[in-house]
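Reader: I have a structure open before me and should like to understand the terms used to describe it. May I put some questions about how such terms are justified?

Author: Certainly; please show it.

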Amino acid sequence: MNLTLKVWRQKNANDKGGFVTYKADSISQDMSFLEMLDVVNEGLTKKGEDPIHFDHDCREGICGMCSLYINGRPHGPKRAITTCQLHMRSFKDGETITIEPWRATAFPVIKDLAVDRSAFDRIQQAGGYVSVNTGGIPDANEIPIPKTIADEAFNSATCIQCGACVAACKNASASLFVSAKISQLALLPQGQPERYRRVQAMVAQMDAEGFGSCTNTGACEIECPKEISLTNINRMRRDYFNAKFFKEEEID
Amino acid sequence: MILDSKIPEGPLAEKWSKHKFNLKLVNPANKRKYTVIVIGTGLAGASAAASLAELGYNVKAFCFQDSPRRAHSIAAQGGVNAAKNYRNDGDSVYRLFYDTIKGGDYRAREANVYRLAEVSVDIIDQCVAQGVPFAREYGGLLDNRSFGGAQVSRTFYARGQTGQQLLLGAYSALNRQINEGKVKMYNRHEMLDIVKVDGKAQGVITRNLITGEIESHAGHAVLLCTGGYGNVFYLSTNAMGSNTTAIWRAHKKGAFFGNPCYTQIHPTCIPVSGDHQSKLTLMSESLRNDGRVWVPKTREMAEKVRKGQLKAADIKEEDRDYFLERKYPSFGNLVPRDVASRNAKEAFDDGRGVGSSGKAVYLDFADAIKRLGKHAVEAKYGNLFDMYYQITDENPYEMPMRIYPAVHYTMGGLWVDYNLQTTVPGLYALGECNFSDHGANRLGASALMQGLADGYFVIPYTLGDYLATIGPKPVDDKHPAFAEAKKGVEETVNKLLALNGTKTVDEYHRELGNIMWEYCGMARNEAGLTKAIGLIQELKADFWKNAKVLGVNEEFNMSLEKAHRVIDFIELGELMVRDALNRAESCGGHFREESQTEEGEAKRNDDEFAYVAAWEYKGDNVPQELHKEHLVYENVKLTQRSYK
Ligand SMILES: Cc1cc2nc3c(=O)[nH]c(=O)nc-3n(C[C@H](O)[C@H](O)[C@H](O)COP(=O)(O)OP(=O)(O)OC[C@H]3O[C@@H](n4cnc5c(N)ncnc54)[C@H](O)[C@@H]3O)c2cc1C
Ligand code: SF4
Ligand code: FES
């Protein structure tokens, strides 16, 4: 296949940035999208031009490091996969493909297509855990958990922290991501002792990072590569209101 | 130098408890006077960093990804072993120990492996307490499965994403300590050297991957938890950034490298689709619990399949060769990885491979779907089937998967003693980057176990002993040793940036991979290995003449990052080949064609090779010196592995 790429190039956070057009010729249908970019980058490197920088690592849809806003959609046109799992057979010969970074105030561009998502880490640091130390733990089977609850908690826990939900949202809200972690722990018995403290701390950090508010548009759910559902956001809201109205705990 | 493994005296089952008692403790009030540097935040690094911070030490943790949660542990699918015996099927600490020693083909230390089996039970408790959503049964208790050659069900799992869930557990513990100010996290930082003061590891030199700043960090001890070096083969199931740089540079500063040639080639990976291939994807080995491996019985038929004239489904039952079931009736499709991989290669060498390149065999679920129903198969393997479909555009519910072996895990790594300390005092290695515990072959679901054992339950004890011994004197990055190490790193950076040849760094990496796969892959022999040494030396010389590295240091520079990794892979490749050449026996993942039984199975030579090969760096372009740690077996009898 022969393709035309319109790629966002930006030297660093302070640069204004803009689109640059490249040709990607003799691309195999079996290549992944990132392998296609590898080929383009090899060509650029040979010519002595700076390769297109993008984030990636596992290339199997699990580390959450890859991103890319492809033809107006986070992780490209197909549902329930990440950019690294997208294959060129999903595109047509001769097509023009526009590639941009995630766009959100809370995710500043570092270079080209790579953005800074450390805000997500800070939200997790604010309370996305059960406070147990290593050692001195009772036997694992002393806490029976109904299978349906364990499975539901697992579904929420599959979030890969990629940020596509934020990129998809017109408000750049991080609600889907934040609520997934909150839900996982709120569903499980282990998460109960800190349940209301956690939701307040994480929501407060989310607001402090400059993400927008959720207006129930649902774009996040559609674009999420792990199909994290909007139910998580409802759970987060319920816990948040419960915490604020009935169980407010001091958070420091 | 005499290698001292520091294995405690006494009966096997009491060694660890006694040792823990004998280790010195750090006074609680003194703990905050120590700083520990942890490189890597996978299972080993995150669990170590969190546990040490909980004890009161100050921790500085580093990873090259943009978040500690993205370490490649995240990609582990199948599960984690533990000798809980929840199934009542005869498992025990001793059995897990025995299976691991045997699976490792009698090339691991008894004492280490026993300790691993012993602490395995605590790992599951720890993870559950953190909220890791393991698979459960309707009664609400934890589910298990049997995995990769084990005859008991001792593998705990979280659908096909066990590594992800375990890592998120460790990451959450790490986050809690970051929030409490006990861990300072440095994302997007790459360690490029260790710093030694008076012979002891007391710091590291890192490069900030965004700004390029070369930084010095001082600490009382340095823990390397940097994962495997399988990317020396270019194509592997590792992540794109997985590298050997941290341990290689530590090796050059005095840490011996243990058994570098021990590589695990995993039988169930998605085959290569073309030259553009950048990495290989593993399909969890749990698939072999229900999938049946086969190729057509005849070459003619296989040829037709390759040309697309014949479909798998059209091949009659009697024309199929279920070669693992045929050759190994008692283990069948569940033979260990090295055996399964070698047999797939044999089928390919025999001209009976499938897929357009012939480099594939079938893994068929038709029977399982008939027996269990599609729904049950989907519940067990749904995400793996989806992944396969995404990559190949073929539906495994309807046609058999095509699989082929790929480099997956490196049993070799920095040599460590029982305390996980390398030959450099104060420098430790945890998780996949050390050589311990798995001998010449790792059993499925045992790497996650080892990473977490090292980080949660071993290092918090053994490191304390070292720290108590050296005392809480402040360490300082103003010591001239830091300036010197930093200068060395800067010189390498400048030398790389000055390269303005014609070939990209990736081209060198790919060439190295080809050499390694061809001569130091699933089967090795003297002539090939000897040739490979020459080829790698030529490649290295060529790199420093003709490679092209772009840009400047003071920016986010992919080209420079890769160049650092590739120069280290090239040097490591040569050592791996030398090690493989030295070990003129077959054992575990290391198959020397000169050493096989009449039936073509691997043949060990315990009289000459029951030792760990620990290599000492002797300088640029000088071969390493071999030191031997002889392995003593007091509890198990060495037998030739047989899975017939
Ligand atoms: C696809 C796949 C599936 C697997 N499935 C299983 C399974 O089912 N069961 C099982 O037991 N095992 C499995 N394994 C093996 C297991 O996942 C790994 O051995 C284990 O997770 C390694 O953990 P680690 O903590 O040692 O290293 P990693 O998780 O690889 O972490 C390495 C860390 O080091 C950092 N790092 C590396 N180099 C540098 C540097 N120079 N500077 C700074 N930081 C650096 C990285 O950023 C990262 O944080 C699988 C492996 C793969 C590849
Ligand atoms: S919720 Fe979905 S889209 Fe958002 S970070 Fe998690 S996996 Fe990515
Ligand atoms: S590179 Fe890991 S999810 Fe895409």
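Reader: What makes domain 1 and domain 2 of chain A count as being in contact?

Author: Contact requires heavy atoms within 4.5 Å. In this predicted model, 21 residues of domain 1 of chain A meet that condition with 22 residues of domain 2 of chain A. The two domains span 3-110 and 117-246, and their C-alpha centres lie 29 Å apart.

Reader: How do you know how much area is buried between these two domains of chain A?

Author: Buried area is what two parts lose in accessible area on being put together, summed over both. For domain 1 and domain 2 of chain A the value is about 1600 Å², and carbon and sulfur atoms give 57% of it.

Reader: Why is the pair A:Arg73 and A:Glu223 called a salt bridge?

Author: The rule asks for a side-chain nitrogen of Lys or Arg within 4 Å of a carboxyl oxygen of Asp or Glu. The closest N and O atoms of A:Arg73 and A:Glu223 are 2.9 Å apart, so the pair satisfies the 4 Å limit. Across the interface of domain 1 and domain 2 of chain A, the rule finds two salt bridges.

Reader: What makes B:Asp66 and A:Arg117 a link between two chains?

Author: Their side chains meet in a salt bridge, at 3.2 Å from N to O. B:Asp66 lies in the loop between strand 2 (58-62) and strand 3 (80-81) of chain B, while A:Arg117 lies in the loop between strand 7 (114-115) and helix 2 (118-125) of chain A, so the pair joins two chains. Another salt bridge is formed by A:Asp55 and B:Arg188, with the closest N and O atoms 2.8 Å apart. Across the interface of chain B and chain A there are eight salt bridges, and the structure holds 71 over all chains.

Reader: How many residues of each chain take part in the contact between chain B and chain A?

Author: The contact involves 77 residues of chain B and 73 residues of chain A. The area buried between the chains is about 6300 Å², with 52% given by carbon and sulfur atoms. For the complex, the predictor gives an ipTM of 0.98 and a pTM of 0.97.

Reader: How do you know what confidence the predictor places in chain B?

Author: The confidence of each residue is given by pLDDT, from 0 to 100. The mean for chain B is 96, and 100% of its residues reach 70 or more.

Reader: Which domains make up chain B, and what joins domain 1 to domain 3?

Author: Chain B is divided into domain 1 (33-83 + 95-133 + 160-264 + 409-480), domain 2 (266-406) and domain 3 (484-606). The contact between domain 1 and domain 3 of chain B takes 42 residues from domain 1 and 44 from domain 3. Their C-alpha centres are separated by 23 Å. Between domain 1 and domain 3 of chain B, about 3600 Å² is buried, 58% of it from carbon and sulfur atoms. The count of salt bridges there is six. B:Asp568 and B:Arg249 also form a salt bridge, at 3.0 Å between the closest N and O atoms.

Reader: Which classes of residue form the shell around ligand 2?

Author: The shell has ten nonpolar, two polar and no charged residues. Among the residues around ligand 2 are A:Cys159, A:Cys162, A:Cys165 and A:Cys224. Cys counts as nonpolar, so these four belong to that class. Helix 4 (164-168) and helix 5 (175-187) of chain A each supply at least two residues of the shell.

Technical notes:
Residues numbered from 1 in each chain as written. Chains lettered and ligands numbered in written order. Predicted model: local features only at pLDDT ≥ 70, side-chain atom pairs only at ≥ 80, totals over all residues. Heavy atoms only, no water. Near = heavy atom within 4 Å. Helix = DSSP H or I, 4+ residues; strand = E, 2+ residues; numbered from the N terminus. Domains from an automatic or database assignment. Buried area = accessible area lost by both parts, 1.4 Å probe.
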